[in-house]
Amino acid sequence: MPDSPVPLDRQLWDLVHAHDAAWDRAARTAGLSAAQACLLDALTDGGRSMGELAELLLCDASNVTQLVARLEAGGLVARRADADDRRVKRVTITPAGRRVRRAVRRAFDFADDRLGRLTEAERLRLSGLLGKLLAPPS
């Protein structure tokens, strides 16, 4: 009996898992956890409040506090009171944090590796399909 095809939902899960595993490996090359690397990545466009980071990273504020504390201890981020509301703590990436973030990004070759397996026509078709899947419901 021939092998049955892998269901599409399982293929999507496998792709997400492979992506996350590749991100974890890239983060470890820089001595970070995947979550720490995500937090650094979230700071590349400027500082964010601790609450904004928790929302963006889809985690509890206490997790962000722990991540920031570890990154701050390593000199990769700085935490300061917000100028408008001293109760709010803003987190910014330091020059050392930018260097580590670039190292993680260089080590993260998942998209290049996987997309490099496709022809240009296949990439265009996949891009259109992903755009459709990721569009807000109408």
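Me: How many Å² does the protein chain expose?
Reply: This is a predicted model. Carbon and sulfur atoms supply 56% of the exposed area of the protein chain. The whole exposed area comes to about 9700 Å².

Me: What share of the residues of the protein chain counts as buried?
Reply: A residue is buried when its relative accessible area is under 20%. The protein chain has 138 residues. Of these, the share that counts as buried is 23%.

Me: Which pattern does the protein chain follow along the sequence?
Reply: The protein chain holds seven helices and three strands. Read in sequence order, they give α-α-β-α-α-β-β-α-α-α.

Me: Is the protein chain more spread out or less spread out than a compact globule?
Reply: For 138 residues, the globule rule gives 14 Å. The radius of gyration of the protein chain is 19 Å, well over that value. So, against a compact globule, the protein chain is more spread out.

Me: Which helix gives the most to the nonpolar patch?
Reply: The patch covers about 480 Å² of surface. Its makers are Leu115, Leu126, Leu130, Leu133 and Leu134. Four residues come from one helix, which spans residues 120-134. That helix is α7.

Me: Does Leu134 count as buried or exposed?
Reply: Leu134 lies in helix α7. The cut-off for exposed is over 50% relative accessible area. Leu134 has 73% relative accessibility, so it counts as exposed.

Technical notes. Residues are numbered from 1 along each chain as its sequence is written. This is a predicted model: local features need pLDDT of at least 70, side-chain atom pairs count only at pLDDT 80 or more; totals for chains, interfaces and linings use all residues. Side-chain values use heavy atoms; hydrogens and water are left out. Patches are made of residues with over 30% relative accessible area and no salt bridge: like charges are joined within 9 Å, nonpolar side chains (Val, Leu, Ile, Met, Phe, Trp, Tyr) within 5 Å. Accessible areas come from the Shrake-Rupley method with a 1.4 Å probe; for residues, only the protein chains shown count as cover. A salt bridge is a side-chain nitrogen of Lys or Arg within 4 Å of a carboxyl oxygen of Asp or Glu. Helices (H or I, at least four residues) and strands (E, at least two) are DSSP runs, numbered from the N terminus. Buried means under 20% relative accessible area, exposed over 50%, partly exposed in between (1.4 Å probe, protein chains only). The radius of gyration is taken over C-alpha atoms; the globule rule is 2.2 Å times the number of residues to the power 0.38.
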